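Dear colleague,

Please find below the structure for your review. The findings follow directly after it.

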Amino acid sequence: MRWKWLDRFAVFVSVVCFPSAAVRGEVFFSIDQRNEPAPTQNFNVEFNQPRQAFTPVFSSLNRVDVRIADSNSLANSTADFEVRVFIGASNTPLATSEIVRLQDSGPGFESFDFVPFRLAAPVSLNPGFQYRFEVVNLSTGVAASGFSWTAGPGDDYGRGFPVLNGTADLAGRDFLFRLGLEQENQLDLVATSSGGIRRIDPGGPSSINETSFLLDSGDNTIRAVQEFDVSELVGREDLAIVEATLSGEIGVNNALNLGTRLFELGTFEGDGVVTLADFSTPTELVGNVSLDVDDGRVAFNLDVTDQLTHLLAGNGAFFGLRTDPANTQPASVVLDPILKITVTAIPEPHLLGCSLLACTAIALVRRRE
């Protein structure tokens, strides 16, 4: 009986000091594909049956955000919506989102911000394959028919196209959307800027290509650069980087076989834009990759935990990757690298004292036993 106070003390410490122990970690929205210019056009969801084609980099998806507008003059009218995901031109959904209800707050036109639609579970995707998703108005009646999906002023999204009433719309526009993965303590990033920087000797860097080509033919060299926006983690003293990896593939562009192609991959602090100066910016070597032409492509997976931690400690907002040809070789290309970051929460200072109390209580209970 005299030891019961120890049990009670241990319970007290766990409840008072760690009330959120069972609470979920931080949830990040990792955006795979996006089109976010200012809206200039609206297409009625009910009458135009709009879809948007996209080509993913991620291998799964559990959230789609779309920007919807309301042109209904009936104040306080509501409508229920869902998003359905398809592969190619199929009409059989791979996945359907939760239902979201939107309400018109007043007469006249109103443009909502991006509305999130969450899937019950992640749907598996094949990176590089084409998919489509549509916004469906589940409500009926005049009061619910005034909602539209907004589009941008031009063909700003290069990995897909809009579809109206079952027909691809090639009029030079795309719907406004962003899609990707919501994950706990995990942030997956695609490059926000990328390109191949060509230098023709003598004369220094001469041009930038939007495609991340690689080439070394002696006096003609192309190095590939990608930059990842990690600003979401800048200044987050409550979080620590557990692991960071860069994964992707290098593929053959010119199949001329002059032997194994060698590459050096290094990281640097970027500025969010691929520039000519990035050709010669000093990098920290993080890996070497070799590609046999007959294989077509080779995968890489590099640990960059220390490099990213150092960058964030200096408040760097863009993490750069540069791939250099390491021998004479025809053209290759870096294919859709992903920066995967796992984080963990750092206990607040007052919780460290609680940890000592908890350990003391547990030690005493075990000694009693």
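**Salt bridges**

Arg84 is partly exposed, its relative accessible area being 24%. Please bear in mind throughout that this is a predicted model. The side chain of Arg84 forms a salt bridge with that of Glu82, at 2.7 Å from N to O. Glu82, for its part, is buried, with a relative accessible area of 9%, because buried is taken as under 20%.

A second pair joins Glu182 and Arg118, whose side chains meet in a salt bridge of 2.9 Å, N to O. Glu182 belongs to strand 13 (residues 177–184) and Arg118 to strand 8 (residues 110–124), so this pair ties together parts that lie 64 residues apart in sequence. Glu182 counts as partly exposed, at 21% relative accessibility, and Arg118 is likewise partly exposed, with a relative accessible area of 31%.

A third salt bridge is made by the side chains of Asp169 and Arg173, at 2.6 Å from N to O. Asp169 is buried, with a relative accessible area of 12%, and Arg173 also counts as buried, at 17% relative accessibility.

As a general point, side chains of opposite charge can pair when their charged atoms come close. The count of salt bridges in the model comes to 18. Which residues are linked in a network of salt bridges? The members are Arg34, Glu36, Arg63, Asp65, Arg118, Arg178 and Glu182. The pair described above, Glu182 and Arg118, is thus found within this network.

**The chain as a whole**

The chain has 369 residues, 46% of which count as buried. Its secondary structure consists of four helices and 24 strands. Among contacts in the chain with a separation of 6 or more, 81% are between residues 24 or more positions apart. The chain exposes about 18000 Å², and carbon and sulfur atoms supply 52% of that area.

**The largest pocket**

The largest pocket holds about 940 Å³ of space. It is lined by 31 residues, and those closest to its centre are Asp32, Arg34, Val190, Ala191 and Thr192. Five elements each give two or more residues to this lining: strand 1 (27–35), strand 14 (186–190), strand 15 (193–200), strand 18 (220–229) and strand 24 (329–345). Which strand gives the most to the lining? That is strand 1, with seven residues.

By residue type, the lining divides into 12 nonpolar, 11 polar and eight charged residues. Arg34 appears in two of the findings: it is among the residues closest to the centre of the pocket, and it also belongs to the salt-bridge network.

**Asn288**

One further residue may be of interest for your inspection. Asn288 lies in strand 21 (residues 284–291). Is this residue buried or exposed? Asn288 counts as exposed, at 56% relative accessibility, because the cut-off for exposed is over 50%. Leaving aside residues up to four places away in sequence, Asn288 touches Phe263 and Glu264. Asn288 and Phe263 are 25 residues apart in sequence, while their C-alpha atoms are 5.7 Å apart in space.

With kind regards

Key. Residues numbered from 1 in each chain as written. Predicted model: local features only at pLDDT ≥ 70, side-chain atom pairs only at ≥ 80, totals over all residues. Heavy atoms only, no water. Buried < 20%, exposed > 50% of the residue type's maximum accessible area, 1.4 Å probe, protein only. Contact = heavy atoms within 4.5 Å. Areas by Shrake-Rupley, 256 points an atom, 1.4 Å probe, with all protein chains shown as cover. 1 Å grid on protein atoms, 1.4 Å probe; cavity = no way out; pocket = protein on both sides within 12 Å on 5 of 7 lines; lining within 4 Å. Points joined across faces, edges and corners; volume = space filled by probe spheres on them. Nonpolar A, V, L, I, M, F, W, Y, C, P; charged D, E, K, R; others polar. Salt bridge = Lys/Arg side-chain N within 4 Å of Asp/Glu carboxyl O.
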